[in-house]
Amino acid sequence: NYTRAEGYFHETFNKNKQYWRNFTFSSVESPLVPQSFLDIKASYGLDSDEYGIFVLGLPPHAENMDSQGYVPLLQQAEIRQVPDEGKALYSAKMGVDVSGLGANESVWVVRDGFRAKIVAKEKISTPKSVAEKTLTLMSAYGINENNVFIDDFGVGSSIAQEIALAEPRFRVRGVNVGTPANDPKAYINLRAELAIRLRDWLRTGGELIRHSSWNQLLDIKYK
């Protein structure tokens, strides 16, 4: 699919098109594409990049690109926020994004297969404070130590150790998103792979318990 309005493929349809025979196929006209797929893509809007790229075979809108050729990973319509009805999260997992002493906040997110919820935020964090809050939330939501994932970079690198030394002792999982992806042929690093997996989860029905911080997902870009 024509996912980037720049690069080699883009040039074969533009400044170098005299050297190529170009074809564009619309999924609307294909007998192999199910109507359910077309309906899902149409829900983003018939003028959206999602519909244009994956149904009509068109390039993304240039106005969605920044000066370096990046486009948003997610559209506002894909960030489906729902009220917190107090429903339990089953077989939940927890992710911890650690900020340290900077301007950002440390954030704790708990999710199951259907919903994700921001359960805590902390303005100024230390390894000890993050470890204590993580242990408290593990107990409150009944989360197994193997389902706790902590940002293992910078300040976060010592938090797993803090938790391991606490009583009772737990072995949570540190994650460094700068390491190679599980699928290195498709993604430059683990951060990129996890971002796409998040997008796929949202597109297949994942819901976010309403919180203003979810709108920061619109800042994620790719090319």
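Which residues form a nonpolar patch on the surface? Let's start there. Tyr8, Tyr19 and Trp20 do. Their accessible area comes to about 450 Å² together. Tyr8 belongs to helix α1, which covers residues 7-12. Tyr8 is exposed, because its relative accessible area is 62%, and the cut-off for exposed is over 50%. Keep in mind that this is a predicted model.

Now the overall picture. The protein has 223 residues, and 34% of them are buried. Six helices and nine strands make up the list of elements. The C-alpha trace spans about 70 × 35 × 30 Å along its principal axes.

Next, the inside. In soluble globular proteins, nonpolar side chains tend to be buried together. Here, the largest nonpolar core holds 19 residues. Which of them touch the most other members? Met94, Val96, Trp108, Val110, Val148, Ile150 and Ile159. Several elements give two or more residues to this core. On the strand side, they are β3 (93-97), β4 (106-111), β5 (115-122) and β6 (148-151). On the helix side, they are α4 (127-141) and α5 (159-165). And which element gives the most? That is α4, with four residues. There is also a second core, separate from this one. That second core has 13 residues, including Ile79, Val107, Ala195 and Leu217.

Back out to the surface, and on to charge. Four residues gather in a patch of positive charge: Lys93, Arg111, Arg173 and Arg197. Take Lys93 as the example. Lys93 sits in strand β3, one of the strands that feed the largest core. Lys93 counts as partly exposed, because its relative accessibility is 36%.

Now the paired charges. How many salt bridges does a search of the whole structure find? Eight. I will show you three.

The first on my list joins Lys87 and Glu85. Their side chains meet at 3.3 Å, N to O. Are these two buried or exposed? Lys87 is exposed, with a relative accessible area of 55%. Glu85 is exposed as well, at 57%.

Next, Glu105 and Lys121. The closest N and O atoms of this salt bridge are 2.9 Å apart. This pair links distant parts of the chain. Glu105 is in the loop between β3 and β4, while Lys121 is in strand β5, and the two are 16 residues apart. How open are they? Glu105 counts as partly exposed, at 30% relative accessibility. Lys121 is partly exposed too, at 31%.

Last, Asp112 and Arg115. Their side chains form a salt bridge at 3.6 Å, N to O. Why does Asp112 count as buried? Because its relative accessible area is 4%, and buried means under 20%. The partner, Arg115, is buried at 14%. So this salt bridge joins two buried residues, whereas Lys87 and Glu85 are both exposed.

Let me pull it together. Look for the nonpolar patch at Tyr8, Tyr19 and Trp20. Look for the positive patch that includes Lys93. Then go inside to the core of 19 residues, and to the separate one of 13. Finish with the salt bridges, among them Asp112 with Arg115. That is the tour.

Conventions
Residues numbered from 1 in each chain as written. Predicted model: local features only at pLDDT ≥ 70, side-chain atom pairs only at ≥ 80, totals over all residues. Heavy atoms only, no water. Core = buried A, V, L, I, M, F, W, Y, C linked by side-chain atoms within 4.5 Å. Buried < 20%, exposed > 50% of the residue type's maximum accessible area, 1.4 Å probe, protein only. Patch = residues over 30% accessible without salt bridge, like charges linked within 9 Å, V, L, I, M, F, W, Y side chains within 5 Å. Areas by Shrake-Rupley, 256 points an atom, 1.4 Å probe, with all protein chains shown as cover. Lys, Arg positive; Asp, Glu negative; His and termini not counted. Charge placed at Lys NZ, Arg CZ, Asp CG, Glu CD.
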